[in-house]
Structure formats: C-alpha cells, structure tokens
Amino acid sequence: MENRKLGSEGLEVSAVGLGCMGMSEFYGEGDEAESIATIHRALEVGVNFLDTADMYGRGANEELVGKAIADRRDQVVLATKFGIVRGDDPRDRGVNGRPEYVREAIDGSLRRLGLDHIDLYYQHRVDQTVPIEETVGAMAELVEAGKVRYLGLSEASAESIRKANSVHPISALQTEFSLFERGALDKVVPTLKELGIGFVPYSPLGRGFLTGRFRSGADFGSGDFRSNDPRMGEENMAANLAIVEAIEKLAEKHEVTPAQMAIAWVLAQGDDFAPIPGTKKVSRLEENAAAAEISLDPEELASLDALPQPRGDRYANMSSIDE
C-alpha cells in the first residue's frame, strides 16, 4: 500500500483508509470482535489511516477503535472529529464550534480512545454561529499543547476553508465524494489544490450503492439509514442504477469488483486524494484495499467522468452542510 501526503505540514497516510463509523451505528447491527479483527487486518495490509468521530455511537466508536489499536498505536494514523452534538432523540443534532467546546471535546475523545494525542483532528461540521477563525484558533492551541498533530475540516465550503487556513495550516478536508457525489469538484477541490490541502473523500462507494449489492429498498436491513436516503428511494433508485451498471461493465473488463473500480476512480483524481471506505468486515476491507492496485487509462477515466449525476438530494436534511 502506497502512502500519500496530505497538506504541507508532513501528514502521510495510506492511499486507502478505513472509515470506522458503521462499526457502531447507522449501517445495522455491529459486532465488536469482527470490527476489531477488521481494524487489525487493515494494519496488516498497510491500511494505516483510521477514521472515527466522537458522535459515532455517542462515543462508542472511539472506544472501540481505541481498544483495537491499544497495543499497536505506532502503526496507526488516527483521525477523529468534533462538533456535531447529539440530543436524546437520534434526529436531534446541533453543531458546536465554540472555542471552549473544542477544548472540552478533545479531552473526551482522548479519554475514550485511550490516547495522549490525535494525529488528525477535524471540525466535523462548520458552526454557522461561530466565526471559523475562532474555532480553528482553539484547534491550533491543541497542536501547541501536543494533543493534536494536524488539523482538518469536514464538509466545509471553499470560503470556510480559506478562512480556516489563514489561521493555521489545514492538512485535510473530508467531504463525501464518489462517482455518486461529485459536488466537491465545483469549488472545493480547486480550492484545496490552490492551498495545498489534501482531500479525504468519505463514502467513496456512494454509501455502498456503487457496490451493486442494492437493487431495491428491500435490500437494506433493519436500522440501516440508507432506507431513508433520497437517492436510494424507489423513485430514484431505478434511474441511479444506470451509474452502477456502467461501473460494473468496466469492472468486468478489469476483472475486479464494482467497489474496487469506484475506489480506483477516486484514487485517480489526484495523488493527494485518500478515500476512507467504511466497512466492518475483513473481506470487504481486503477488497477495498486492493483497489489501490488498479490503473485506469485516460479513456476509461473519461468514460467514468461522463456518467450522469445521480437523481435525488444527497441528504434528506442538508441543514448542517456548509455551502
């Protein structure tokens, strides 16, 4: 597994990372033993970039990841996030970017993870009520204190990225990006290129849709949030399957899976792109990691670039996205 440089501060991560969110929430029931085995296998095959957040499973995901890496911390580039605050109702979520909350959140994450520092610390969502310069200023203090090595943002607009980077160098921007969601190519990616900031695409498999495993809403299990995804609803899914079928056709030519083809396209967008496909299964982890070995020629890339945009909104509620 090759490493890729993100930003100008020295951060290096495996070209393909591992999103750990689904191990604790949102994608149906999890299995702790299987999830830990998946993390351990990731490190064995060179996937050292692990992604979690304090809101995943209300802290349970950080605890799980911390348990998995307790005896192998030196093998891991660990990223976590703060800023999304959850209420008692799963649908009740707010965003908090106040400096005092930044200081409180890092201590909570370090405690749950069992670590003395975080490698990459993201603001999970931009707080529209707090100047981002104030939030990043507090994050910069964490770097000075040795609690954090590098800073990142998640789902931030080009304007917010510029403001944040003027306070302290931002090493990475995490945003949803795949053949199923290419909105970042408009303004965000050009801004990252200009400022020398790395890109960490989450959901590079379109929340699993690009794997070809889902053909109707009946394919989603109990507790799977995708059953309410606008793009995977009955009205839009049939039209969006055309994207999947095109990926499947090219994947067959290369004798790889549709998932591997989808990740290969993301990796080909730039040597500072480091996608973090999520999984809680060893077999899927191995499949995703192998995508780094696929080479696509210019004609093949152009054919994937030309695929239609998906039908339907990205989220049922887009109120937390900084646009």
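Okay, one definition before anything else: a residue is buried when its relative accessible area is under 20%. Keep that cut-off in your head, because S203 sits at 16% relative accessibility and therefore counts as buried. And a reminder that what you have on screen is a predicted model.

Let me start with the sheet, then work outwards. Seven strands make up an open sheet, and the order across it is β3-β4-β5-β8-β9-β10-β11, with parallel pairing. At the edges are β3, residues 18-19, and β11, residues 198-202; each has a single partner strand, so one side of each has no neighbour in the sheet.

Now the middle part. How many bridges hold β5 and β8 together? Strand β5, which is residues 77-82, pairs with β8 in the parallel sense over four bridges. If you want a spot to click on there, T80 stands opposite Y121 of β8.

On to the next pair. Strand β8 covers residues 118-123, and its parallel pairing with β9 runs over five bridges. Two places to look: I118 is opposite V148 in β9, and Y122 is opposite G152 in β9.

G152 is worth keeping selected, since we meet this residue again on the way to β10. Strand β10, residues 172-176, runs parallel to β9, and three bridges join the two. The bridge partner of G152 in β10 is A172. So how does the chain get across from β9 to β10? It goes through helix α5, residues 158-167, and this β-α-β crossover is right-handed.

There's another unit of that kind to show you. β8, helix α4 (residues 132-144) and β9 form a right-handed β-α-β unit.

What about burial for these strands? For β8, six of its six residues are buried, so the strand is mostly covered. For β9, residues 148-154, the count is six of the seven, so β9 is largely enclosed by the rest of the structure.

Staying with α4 for a second, have a look at T135, which lies in that helix. Is T135 buried or exposed? It's buried, with a relative accessible area of 0%. If you skip its neighbours within four places in sequence, T135 is in contact with F82, G97, V102, Q123 and V130.

Next, the helix pair. The axes of α5 and α6, the latter being residues 188-195, come within 9 Å and cross at roughly 20°. Angles under 35 degrees count as roughly parallel, so that is what α5 is with respect to α6. The crossing of these two helices is right-handed. As for which side chains and backbones meet, on the α5 side we have A158, I161, R162 and N165, and on the α6 side V188, T191, L192, E194 and L195.

Last topic, and one for those of you who like backbone torsions. Which residues other than glycine have a positive phi here? I've got two to show, R58 and S203.

R58 has phi near 55°. You'll find R58 in the loop between β4, residues 49-51, and α2, residues 60-69. R58 is partly exposed, at a relative accessible area of 45%. To place R58 relative to helix α5, try A164: the two are 106 residues apart along the chain, and their C-alpha atoms are separated by 27 Å.

S203 has phi of about 50°, and this serine lies in the loop between β11 and α7, residues 234-254. As I said at the start, S203 is buried at 16%, whereas R58 is partly exposed.

That's my tour; over to you for questions.

Note on methods: Residues numbered from 1 in each chain as written. Predicted model: local features only at pLDDT ≥ 70, side-chain atom pairs only at ≥ 80, totals over all residues. Heavy atoms only, no water. Buried < 20%, exposed > 50% of the residue type's maximum accessible area, 1.4 Å probe, protein only. Pairing = 2+ DSSP bridges. Right-handed = clockwise from strand over helix to strand, strands pointing away. Axes fitted to C-alpha atoms, helices over the stretch in contact; angles between N-to-C directions. Parallel < 35°, antiparallel > 145°, perpendicular 65-115°, else oblique. Left-handed = near helix turned anticlockwise from the far one by under 90°. Contact = heavy atoms within 4.5 Å.
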